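Reader: I have a model with a ligand in it. How should I read the binding site?

Author: Start with single contacts, then widen the view step by step.

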Amino acid sequence: MKDSFIKKNFLFCVFSLLVLCNFVLGCSKKAEKETAVAVFVPGVIAGSPTYEMLAEGSVEAVNEYNRKSHKNIKIDVIEAGTNQAEWSSKLTALTASNKYSFIVSSNSSLPSIVAPLTEQFTEQKYLLLDAFLENNKNVATVNYNQREQGYLTGYAAGLVTTADSSAFAYANSAKKIALVAAQEYPVMNEVILPAFIEGAKAVDSAISVDFRIVGNWYDASKSADIARSLYDDGVDVILPISGGANQGVISAAQSLKFYVTWFDDNGYAKAPGLVISSMALEQKKLAKEMVSAYLENKLEFGKAKTVGIKDGYINFVKDDPVFLENVPSTFVEQLTAVEKDIKDGKLVLPASN
Ligand code: RBF
């Protein structure tokens, strides 16, 4: 009788202990779930500087925070792949998995995918860079003033296509430049291309700008074909904005000898002497700052910021010896002067959102 009483009590204690352990473990698991970061890459990282910088900056922010605070916050980088039709369902699944308190992504198509998700998953927070969405309490966005980036790039291309061959050996007498884009999208059609044209025409209104589409963000042989046909047409400067397919324009430039203006990061080493400008986005710095702010509970949601040359998030890269050794100093000075005018507010190029 006494034995079975002790046994029953013992079993009850063991059972209670198990329930307690489970509860504690469950809670700690939940606590882990509470702060975790996912970087949702809409495409693939390889060949896409904006995505590479996004992932690097976010990972650095989490690692630094973990080191400082002795925490172990998780960050996963997930590539959604090049099939854009799948992005929405992939992001929905990632959100529904409830594994990440904070999802970070980048490109201007994300707001329309994320906005409906915030109605369904009201606890989920998102950070979207290179994107614009106002007044959604679950979303913070930072957009770049790509009118400035496109204008400076167009100005660089304009200076080169109108240059004498004594300054730029492969500049021909035709005043023709081109933009090779992966696809058409509102920011491309309404901001980047018009600003590229605006910058070029500021050098010489007789410059003509061709606009060609690759059809995806990876086909380098298609973009090389396009570049070749543009070259045959008299184009001597091309701006490629086509992710992995940019490589096709670079290889065509190397074999045919024409110039390339580079977007988003430092591209001088890709074809020394032929890449004649780099207008970089400080996306790594921005991602790091914004993710750090989130981890420190300082990130404001519902806000849409726009940053540009003045704020130091768009930079004309001019301290690279590969660049300086290959272009005339007057070219560097002319381009620097335009950048300075934008910085000083003498040339105002407002971003239109
Ligand atoms: N940029 C890339 O470098 N790689 C990409 O795969 C890529 N995919 C994009 C898909 C869509 C639907 C949109 C709107 C933009 C994409 N971008 C990509 C472009 C990027 O966000 C930015 O506009 C350009 O890099 C110019 O800064």
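Author: This is a predicted model. Begin with Gln-146: an N or O atom of the Gln-146 side chain is 2.8 Å from an oxygen atom of the ligand.

Reader: Which distance separates the side chain of Asp-264 from an oxygen atom of the ligand?

Author: Look for N or O pairs within 3.5 Å; such a pair is a polar contact. For Asp-264, a side-chain N or O atom and a ligand oxygen are 2.6 Å apart. Trp-217 faces a nitrogen atom of the ligand instead, with a side-chain N or O atom at 3.4 Å.

Reader: How much of the ligand's accessible area does the protein cover?

Author: Compare the ligand on its own with the ligand in place. Alone, the ligand has 540 Å² of accessible area, and the protein covers 96% of that. The site itself is the largest pocket.

Reader: Which residues around the ligand come nearest?

Author: The shell holds 17 residues, and the nearest are Ser-48, Asp-130, Gln-146, Tyr-185 and Asp-264. By character, six are nonpolar, nine polar and two charged.

Reader: Where in the fold do the shell residues come from?

Author: Check elements, then domains. Helix α2 (49-69) and strand β9 (259-264) each give at least two shell residues. Domain 1 (33-144 + 284-307) and domain 2 (146-280 + 318-344) each contribute at least three.

Definitions and conventions. Residues numbered from 1 in each chain as written. Predicted model: local features only at pLDDT ≥ 70, side-chain atom pairs only at ≥ 80, totals over all residues. Heavy atoms only, no water. Near = heavy atom within 4 Å. Polar contact = N/O pair within 3.5 Å; in protein donor to acceptor, adjacent residues only side chain to side chain. Areas by Shrake-Rupley, 256 points an atom, 1.4 Å probe, with all protein chains shown as cover. 1 Å grid on protein atoms, 1.4 Å probe; cavity = no way out; pocket = protein on both sides within 12 Å on 5 of 7 lines; lining within 4 Å. Sits in = over half its atoms within 2 Å of the grid points. Helix = DSSP H or I, 4+ residues; strand = E, 2+ residues; numbered from the N terminus. Nonpolar A, V, L, I, M, F, W, Y, C, P; charged D, E, K, R; others polar. Domains from an automatic or database assignment.
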